[in-house]
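Here's a quick walk through one protein model, from the overall fold down to a few single residues. Have the viewer open as you read.

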Amino acid sequence: MPQSKWEPGPADSPMGAVVGTVGGQRIPEAARGLSTLPVLDYADHFTLATVTVATPERWARAMFGDEPDLAARFIWRGLLGLRLSRGASPETVAGWRIAARGEGWIRLAAASWFLDGELVVRAPGGEVSLSTFLRYRRRAGRAVWPPLSAVHRRLTPGLLRSTEARVRTPEPG
């Protein structure tokens, strides 16, 4: 697994700053311990320092929507072959199954014929984090994910920042 180019932790970060790390051993145990995958072939973790308070599910739905948008469908279904639920449901976020939730966290899960994935959103006081965990089931996972992971790592900080603005906006009705 590649190692991180980001070093400071959330406690060292000013509000609005996003810090990240790559590699299963570098992920904070509070996040890594929420993955149920037996082997981690890829893991990353991004944290946004924020004063915005919301449930992890609210953060997850603000990040990904109730249903995946066109770009997400292309990446998740088209390129990664993930089997996502269709239509909005209280049991899913953007087609990913809500696999578990607890105090301050939610775990989303999806799988394809060549990989299993989990997204963990945590929202302890003063920050929100998104962790991505993958297990390759076949060689195709090792071929497909590495180039996509570079794009994923480049886009995730902006996703967290833009999500904060959506979470600050009151939910409709």
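What follows covers the fold, the last helix, and then three residues.

This is a predicted model: local features need pLDDT of at least 70, side-chain atom pairs count only at pLDDT 80 or more, and totals for chains, interfaces and linings use all residues. Numbering runs from 1 along each chain as its sequence is written, and side-chain values use heavy atoms, with hydrogens and water left out.

**The fold.** The protein has four helices and seven strands, where helices (H or I, at least four residues) and strands (E, at least two) are DSSP runs numbered from the N terminus. Along the sequence, that reads β-α-β-α-α-β-β-β-β-β-α. Of the 173 residues, 51% are buried, and buried means under 20% relative accessible area, with exposed over 50% and partly exposed in between (1.4 Å probe, protein chains only). Take the contacts (heavy atoms within 4.5 Å) with a separation of 6 or more: 59% of them link residues 24 or more positions apart.

**Helix 4.** Does the length of helix 4 (residues 139-168) agree or disagree with what its 30 residues should span? At 1.5 Å a residue, they should span 44 Å, and the end C-alpha atoms sit 42 Å apart, which agrees. The expected span here is 1.5 Å times one less than the number of residues. There's a bend, though: about 35° at Trp145, with Pro146 following within four residues. That angle is taken between axes fitted to the seven residues ending there and the seven starting there. Trp145 is also among the buried residues of helix 4, which include Leu148, His152, Arg153 and Glu164. Their cover includes strand 1 (18-22), strand 2 (42-49), helix 2 (56-64), helix 3 and strand 7 (127-136).

**Three residues.** Here they are side by side.

| Residue | Place | Relative accessibility |
|---|---|---|
| Ala31 | helix 1 (residues 29-32) | 0%, buried |
| Ile75 | helix 3 (residues 70-79) | 32%, partly exposed |
| Ala94 | loop between strand 3 (92-93) and strand 4 (96-102) | 0%, buried |

Which residues does Ala31 touch, leaving aside its neighbours within four places in sequence? They are His45, Arg122, Ser131 and Phe133. Ala31 also lies 8.7 Å from Leu130, C-alpha to C-alpha, with their positions 99 residues apart in sequence.

Ala94 has a positive phi of about 55°, although it isn't a glycine. Most residues other than glycine have a negative phi.
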